[in-house]
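Reader: I would like to see how the labels in a structure description are earned. Can we take them one at a time, with the cut-offs stated?

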Amino acid sequence: IITLIPQTAGPHQLLITMDGQHVQKSPCDLYVRRDYSILCNPEQVIKCSDDPMSIAIHDSGDIYVACCSDSSINVFDHAGKQKRTIGSHGSGDGQFNSPHGLFIKGDVMYVADYGNHCIQKLTTGGQFMQKFGQHGSGQGQFNGPLSVIVDQRDRLIVSDFSNHRVVILDQAGTWLLTINGNISASHGFQHPYGLALDPQGNIHVAACHSNTIKVFTPEGTYVRSYGDA
């Protein structure tokens, strides 16, 4: 019996040798998935459905979790008790297909709806408000949006994963700015995933296939990179 305790989730290759020789079927590929739980405090664990992708906290203390496999947003109170579910699988208004990114500002919730290639805007009570985008690579289109945040100017910033770009919209969904990956340039990136803002409003982009964090001004000008290239 062989016991394996991986340190990270994701793809791995398992090599097993005896006396310097590979045993049968070695090496073999395997994929490790995390045992997802959300810690409220050291004494409380919230068990979610499969594949929770992101989390946002409302001012009331309610916890919103984007659940990819269920194509829904699960809402818990601060003690971890589930209160309600928002949305269901589908392509209609207020329905989701593998929601990933989630951001709450006031009583408005923004969802990066990966499989429907759009950003949905709802109240935190679950009432549909607007949606922006459709599948494609042109202006006003997305190809697998993964993250969405709102900056100090009330602009929506979206990581458009498979289009290798970051897109900035206003609250009406009007296209304001595109930060292209341009992988041939020194500041280029592929497959942008996570997004964050620093106190100056600079946009930090986690480019998972570039193994770096790229930093841009609010106007989209490249500032610097950090991490392993």
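Author: Start with Y222, which has a relative accessible area of 29%.

Reader: Why is Y222 called partly exposed?

Author: Buried means under 20% relative accessible area and exposed means over 50%, with partly exposed in between (1.4 Å probe, protein chains only). Y222, at 29%, falls in between, so the label is partly exposed. This is a predicted model, where local features need pLDDT of at least 70 and side-chain atom pairs count only at pLDDT 80 or more, while totals for chains, interfaces and linings use all residues. Residues are numbered from 1 along each chain as its sequence is written, and side-chain values use heavy atoms, leaving out hydrogens and water.

Reader: What makes two rings an aromatic pair, and how many are there?

Author: Rings of Phe, Tyr and Trp (its six-membered ring) pair if their centres lie within 6.5 Å; planes under 30 degrees apart are stacked, over 60 edge-to-face, and the rest tilted. The rule gives 4 aromatic pairs. One of them is F161 with Y193, at 6.2 Å between centres and 85° between planes. The distance is within 6.5 Å and the angle is over 60, so this pair is edge-to-face.

Reader: Where in the chain do F161 and Y193 sit?

Author: They are 32 residues apart: F161 is in the loop between strand 16 and strand 17, and Y193 is in strand 19 (residues 192-197). A strand here is a DSSP run of E with at least two residues, numbered from the N terminus.

Reader: Are F161 and Y193 buried or exposed?

Author: F161 has 14%, under the 20% limit, so F161 is buried. Y193 has 34%, so Y193 is partly exposed.

Reader: What makes F216 and Y222 edge-to-face?

Author: Their ring centres are 5.8 Å apart and their planes meet at 65°, which is over 60, so the label holds. F216 is buried, at 1%. F189, F216 and Y222 form one aromatic cluster.

Reader: Why is a group of residues called a nonpolar core?

Author: The term covers buried Ala, Val, Leu, Ile, Met, Phe, Trp, Tyr and Cys residues joined through side-chain atoms within 4.5 Å. The largest such core has 13 residues; Y110, I119, F142, V148, L156 and L169 have the most contacts inside it. Strands 12 (108-113), 15 (145-150), 16 (156-160) and 17 (165-169) each supply at least two of its residues. Strand 12 gives the largest share, 3 residues. A second, separate core has 12 residues, including Y64, I73, V75 and M109.

Reader: How do you know that strand 17 is largely enclosed?

Author: 5 of its 5 residues are buried, so strand 17 is largely enclosed by the rest of the structure. R165, V167 and L169 point one way, and V166 and I168 the other. In a regular strand the side chains alternate between the two faces of the sheet.

Reader: What makes strand 16 and strand 17 a pair?

Author: Two strands pair if DSSP finds at least two bridges between them. Strands 16 and 17 run antiparallel and have 5 bridges, so they pair. I157 is bridged to I168 in strand 17, and I168 is bridged to L177 in strand 18. Strand 17 also pairs with strand 18 (residues 175-180), antiparallel, over 5 bridges.

Reader: Why is Q139 called exposed?

Author: Q139 has a relative accessible area of 64%, over 50%, so the label is exposed. Q139 lies in the loop between strand 14 (128-132) and strand 15.

Notes. Helices (H or I, at least four residues) and strands (E, at least two) are DSSP runs, numbered from the N terminus.
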